[in-house]
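Biologist: I've got the model open and I'd like to talk it through with you. Could you show it and start with the basic terms?

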Amino acid sequence: MPAATLDLRDVPPAERHPMIHEAFDDIESGEALRIVNDHDPKPLFYEFQAEVDDFDAEGYRVEERGPGEFVADLPKQD
């Protein structure tokens, strides 16, 4: 179960990544941040993998639930 969920579909693209990083910083180790996005967040995965030390890349999950709806869990390492 994610600690927090952000629905980014109505957020302007330039504001999304800073918002995600801030929310990720606010969760505890062992928790996950869930994001709902209008496109596959693969670039975000690569960004987190390269820049966020406590991002658990192996636990990352993404699911396409329908047109314009991608749900991804970004876990924080214990």
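Modeller: Sure! A polar contact is a pair of N or O atoms within 3.5 Å; within protein, one must be able to donate a hydrogen and the other to accept it, and residues adjacent in sequence count only if both atoms are side-chain atoms. This is a predicted model, where local features need pLDDT of at least 70, side-chain atom pairs count only at pLDDT 80 or more, and totals for chains, interfaces and linings use all residues. Residues are numbered from 1 along each chain as its sequence is written, and side-chain values use heavy atoms, leaving out hydrogens and water.

Biologist: Is arginine 16 buried or exposed?

Modeller: First, find arginine 16 in helix α1, residues 13-26; helices (H or I, at least four residues) and strands (E, at least two) are DSSP runs, numbered from the N terminus. Buried means under 20% relative accessible area, exposed over 50%, partly exposed in between (1.4 Å probe, protein chains only). Arginine 16 has 7% relative accessibility, so it counts as buried.

Biologist: Which side chain makes a polar contact of 2.9 Å with the side chain of arginine 16?

Modeller: Let's go through the partners. At 2.8 Å, the side chain of arginine 16 has a polar contact with that of asparagine 37. The 2.9 Å one goes to the side chain of aspartate 38.

Biologist: Which residue in β4 stands opposite arginine 34?

Modeller: Strands β2 (residues 32-37) and β4 are antiparallel partners over six bridges; two strands pair if DSSP finds at least two bridges between them. Across from arginine 34 in β4 is aspartate 73.
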